[in-house]
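User: I am new to this structure and would like a close look at a single part of it. Please start there, then connect that part to the rest.

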Amino acid sequence: MDILLQQIINGLVLGSMYALIALGYTMVYGIIQLINFAHGEVLMVGALTSWSCIGLMQEAMPYLPGWLMLLIAAIIACVVAASLNLVIEKIAYRPLRNSPRLAPLITAIGVSILLQTLAMIIWKPNYKAYPTLLSSTPYEIGTAVITPTQILVLVVTAVALATLMYLVNYTKLGRAMRATAENPRVAALMGVKPDMVISATFIIGAVLAAIAGIMYASNYGTAHHTMGFLPGLKAFTAAVFGGIGNLAGAVVGGLLLGLIESIGSGYIGDLTGGVLGSQYTDIFAFIVLIIILTLRPSGLLGERVADRA
């Protein structure tokens with residue numbers, strides 16, 4: 001039970017980050033039916049931008065408190081990530097919007113590889129130690145512990161998700177997004193500008209990815225040019241797991257995937273008699289995904305084909 005409680009806390013923290021990234025995938029897919037495989041690299045750019053900003057502030061203004069440095073770096077990283085995603089949408093995806101599905105998919109993979117290469121040139125290929133700006137003294141919850149960084153991850157994720165849900169459900173932009181997702185041509189006839197809505201969706205997704213990247217780097221203490229690939233792939237898995245195109249599904253899928261991975265890594269040695277160690281934890285996520293999609297192809301909260309018909 002001691003191990004279980006600790007793994008649940010770790011799983012919720014990991015799942016929160018997956019949920020933030022998965023929302024970017026599912027929002028874009030819900031509106032233009034595109035899987036943006038460069039989304040993980042936007043996360044990486046956000047994390048490395050914040051790392052550079054923190055390094056500059058530590059040299060120029062060492063008297064600033066750690067939380068303020070992190071906040072300033074996060075704001076700058078969000079602006080950079082949003083600008084990058086906007087450029088990607090306008091240059092790489094918009095010209096291919098009415099082309100066969102395979103063309104934008106291949107373009108997205110190409111953009112992902114390009115961003116990794118550019119990041120390697122700009123920030124060099126070595127791993128960077130991400131500075132610890134918050135207190136490292138853990139808090140005890142029964143027999144488990146949670147660090148201030150992990151608490152921040154949970155709080156920031158909850159606030160970001162609540163803000164996004166409010167934006168989508170109760171604002172003019174949210175209504176425009178839902179209308180564009182339903183039928184772009186009819187939405188345009190009603191005065192909605194689909195291009196503006198799609199650009200706004202990419203910007204929101206980039207901001208969430210940048211926040212997730214900063215939280216990921218802060219939690220694990222490292223940043224590098226390939227750090228976005230695996231979290232991006234896992235978050236895409238979470239989005240499919242919950243039901244691609246469904247915001248609540250992305251959150252549920254991310255949290256469940258984080259819990260499955262974390263709890264699985266704590267018990268995989270016992271379950272396999274010591275044959276597999278915690279480094280094989282990734283197999284749990286994809287085994288569960290295969291089972292879920294076999295039993296329910298639309299995901300846990302995804303719409304049924306009959307609903308669309």
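Analyst: Thr237 has a relative accessibility of 5%, so Thr237 counts as buried, the limit being under 20%. The model is predicted. Thr237 belongs to helix H9, which runs over residues 229–242. Setting aside neighbours within four places in sequence, Thr237 is in contact with Leu257, Phe286 and Leu289.

Ala238 is also in helix H9. With a relative accessible area of 0%, Ala238 is buried, because that value is under 20%. When neighbours within four places in sequence are left aside, the contacts of Ala238 are Ala22, Gly249, Gly253, Gly254 and Leu257. Leu257 is thus a contact of Thr237 and also of Ala238. For a view across the model, Ala238 can be set against Val186: 52 residues separate them in sequence, and their C-alpha atoms are 31 Å apart in space.

The record gives a wider frame for this part. In an unreviewed entry, the UniProt annotation "transmembrane region" covers residues 12–35, 67–88, 100–123, 143–168, 197–216, 236–259 and 271–295. For the annotated span 236–259, the C-alpha atoms at the two ends lie 16 Å apart, and the span is 83% helix and 0% strand. For the annotated span 100–123, the corresponding distance is 35 Å, with 92% helix and 0% strand.

A helix with a simple length check is H5, residues 148–170. Its 23 residues, at 1.5 Å a residue, should span 33 Å; the end C-alpha atoms are 32 Å apart, which agrees. The buried residues of H5 are Pro148, Thr149, Gln150, Val153, Thr157, Ala160, Leu161, Leu164 and Val168. One of these, Thr149, also helps to line the largest cavity.

That cavity has a volume of about 90 Å³. The count of cavities of 30 Å³ or more comes to one. Its lining consists of Leu70, Tyr130, Pro131, Thr132, Leu133, Leu134, Thr149, Leu152, Met215 and Ser218. H5 and H8 each contribute at least two residues to this lining.

H8, residues 194–220, appears again in the nonpolar core. The largest such core has 81 residues, and the members that touch the most other members are Leu23, Tyr93 and Met227. To this core helix H8 gives the most, with 14 residues. Not counting residues up to four places away in sequence, Met227 touches Leu43, Met44, Ala47, Gly213, Tyr216 and Ala217.

Helix H2 holds Thr49. Thr49 has a relative accessible area of 9% and is therefore buried, being under 20%. Apart from residues up to four places away in sequence, Thr49 touches Ile76, Ala77, Val80 and Trp123. Thr49 and Ala81 are 32 residues apart in sequence, while their C-alpha atoms are 8.7 Å apart in space.

The largest pocket encloses about 1500 Å³ of space. It is lined by 44 residues, and those nearest its centre are Tyr29, Gly30, Ile31, Ile32 and Gln33. Helix H1 gives the most to this lining, with six residues. At least two lining residues each come from H1, helix H3 (66–93), H4, helix H6 (172–182), helix H7 (184–189), H8 and helix H12 (305–308).

Gln33 leads on to the backbone. Gln33 sits in the loop between helix H1 (2–32) and helix H2 (39–60). Its relative accessibility is 29%, and Gln33 therefore counts as partly exposed. Most residues other than glycine have a negative phi. Gln33, however, has a positive phi, near 55°.

Lys124 is a further case of a positive phi in a residue other than glycine, with a value near 70°. Lys124 lies in the loop between helix H4 (102–123) and strand E1 (128–129). A relative accessible area of 48% makes Lys124 partly exposed.

To return to the starting point, Thr237 and its neighbour Ala238 are placed in helix H9. Thr237 is buried at 5% relative accessibility, and Ala238 is buried at 0%.

Methods: Residues numbered from 1 in each chain as written. Predicted model: local features only at pLDDT ≥ 70, side-chain atom pairs only at ≥ 80, totals over all residues. Heavy atoms only, no water. UniProt positions renumbered as here; feature names shortened; annotations may be inferred. Helix = DSSP H or I, 4+ residues; strand = E, 2+ residues; numbered from the N terminus. Core = buried A, V, L, I, M, F, W, Y, C linked by side-chain atoms within 4.5 Å. Buried < 20%, exposed > 50% of the residue type's maximum accessible area, 1.4 Å probe, protein only. Contact = heavy atoms within 4.5 Å. Expected span 1.5 Å × (residues − 1). 1 Å grid on protein atoms, 1.4 Å probe; cavity = no way out; pocket = protein on both sides within 12 Å on 5 of 7 lines; lining within 4 Å. Points joined across faces, edges and corners; volume = space filled by probe spheres on them.
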